[in-house]
Amino acid sequence: MRWQTRITSLFGIRYPQICSGMTYVSTAELAAAVSNAGGLGLIQIGHLSPALAREEIQRARTLTDKPFGVGLALIMPGAHENAEVALDERVPVINFSLGKGDWLCQRAHAYGGKVIATVVTERHAIAAERDGADALLVTGHEAAAHGGDVTTMVLVPAIRRVSTLPIIAAGGIATGQGLVAALALGADAVAMGTRWAMTQESPVHAKTRELIATKSVSDTLYTANFDGMACRIMDTPTARAAARKPMSPWRALWAALQLMREQGTPVRQVVANFRRHGALATLQLSFFAAAVERIRLAILDGDHQRGVQLIGQAQGLIDDVPSCETLMQRVMQEADSGFTAISAQAGNADAAVAQVTR
Ligand SMILES: Cc1cc2nc3c(=O)[nH]c(=O)nc-3n(C[C@H](O)[C@H](O)[C@H](O)COP(=O)(O)O)c2cc1C
């Protein structure tokens, strides 16, 4: 019972651990494996067509009878349609980022679903609470992809001060010691990304797994030139070239149109998206779209000549590829021993229990 928190109660899960939504990585298999191991797996559906998103959700239901969720960035083309699929499928947990999710909260709550808002600033946290989110996923600077400007160590307590919502801390966490630290900072659970990507159930290519295992905590770049928004990627010669200068907006727009065609997004939705988000956001999502193919090449094909790998600083803490079940148990054992070590140091285990487990 030691690790029961507001998040385990909210989602009906055993351990305060979530597998982040990761493009191409967070499939139905990975999400279901994490949920079966006692955490909450999220399927990333932002880059899928609505039909594929529905297929993934239905596939997850054949792989687990435990709660699971989906993740999507509302700014992406087709995101609203995919959110409609998730609502229609009554997915237990929906995690959204980069957009206003009040309507999503209302609709999910109507069937008993829960909504997690990803935030990287105090202002976003306050807005998400006002909009009806059930929990906040607070992503610090160490994280793969789009963590905030502020490190997890500082961002979690800062958001704890302005919000009463349960917090899921993300960014730089790969061990049970990280879990204990996050709970001590005021979080109610953690979401690991890079660590779950290095498991047997993850689709990450063998070559990419080998590369991740050789990299240190310093081998990442943080640049806005890759997909138009400050983004953490693995330091490789290809990534360095991509980080050197911003992509031309025309190339980005062209890539976005290609992606929409692949997703089967009708022209009227492109226009609706433009009206909903405006010109700047449309340009931003064009940069995202342009980056998607390079992300796919690195993750699924192990091609680092053309591909670019989204990765967090935590890569330097990882050198093996366990099953999700093994990793879950290992992290909880590390948390137990980390907690015991702190308690012994403090010499007051009871007071520490009251502080760390709520
Ligand atoms: C391979 C990979 C792909 C990712 N794709 C996305 C994505 O599509 N959208 C998103 O918001 N975050 C994405 N992330 C970030 C994770 O959702 C999460 O915030 C991050 O991995 C947490 O930090 P950590 O990697 O230090 O654990 C990705 C992360 C990885 C490793």
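This note goes through the domain arrangement of the predicted model and then the surroundings of its ligand.

1. The domain assignment divides the protein into domain 1, which is made of two segments, 6-204 + 318-356, and domain 2, which spans 207-313. Taken over C-alpha atoms, the centres of domain 1 and domain 2 are separated by 22 Å, and the contact between them involves 34 residues from domain 1 and 29 residues from domain 2.

2. The size of an interface is often expressed as the accessible area lost when the parts come together. Here about 2,800 Å² is buried between domain 1 and domain 2, and carbon and sulfur atoms account for 64% of that area. On the side of domain 1, the residues Tyr-24, Ile-75 and Pro-77 together supply 23% of the area buried against domain 2, which is more than any other three residues contribute.

3. As to the chemistry of this interface, the side of domain 1 that touches domain 2 comprises 17 nonpolar, 13 polar and four charged residues. Zero salt bridges are counted between domain 1 and domain 2, whereas twelve residue pairs, with both partners at pLDDT 80 or more, are found in polar contact across the interface.

4. Turning to the ligand, 18 residues surround it, and the closest of these are Gly-21, Thr-23, Gly-172, Gly-193 and Thr-194. The shell draws at least three residues from each of domain 1 and domain 2, and by class it consists of eight nonpolar residues, ten polar residues and no charged ones.

5. Which residues place polar atoms at 2.2 Å, 2.8 Å and 2.6 Å from an oxygen atom of the ligand? Thr-23 does so at 2.2 Å, through a polar side-chain atom; for Gly-193 the distance is 2.8 Å and the atom is a polar one of the backbone; and for Thr-194 an N or O atom in the side chain lies 2.6 Å from a ligand oxygen. With regard to cover, the ligand on its own has 600 Å² of accessible area, of which the protein covers 89%.

Key: Residues are numbered from 1 along each chain as its sequence is written. This is a predicted model: local features need pLDDT of at least 70, side-chain atom pairs count only at pLDDT 80 or more; totals for chains, interfaces and linings use all residues. Side-chain values use heavy atoms; hydrogens and water are left out. Domain bounds come from an automatic or database domain assignment. Contact means heavy atoms within 4.5 Å. Buried area is the accessible area (1.4 Å probe) that two parts lose on being put together, summed over both. A salt bridge is a side-chain nitrogen of Lys or Arg within 4 Å of a carboxyl oxygen of Asp or Glu. A polar contact is a pair of N or O atoms within 3.5 Å; within protein, one must be able to donate a hydrogen and the other to accept it, and residues adjacent in sequence count only if both atoms are side-chain atoms. Ala, Val, Leu, Ile, Met, Phe, Trp, Tyr, Cys and Pro count as nonpolar, Asp, Glu, Lys and Arg as charged, and the others, Gly among them, as polar. A residue is near a molecule or strand if one of its heavy atoms lies within 4 Å of it. Accessible areas come from the Shrake-Rupley method with a 1.4 Å probe; for residues, only the protein chains shown count as cover.
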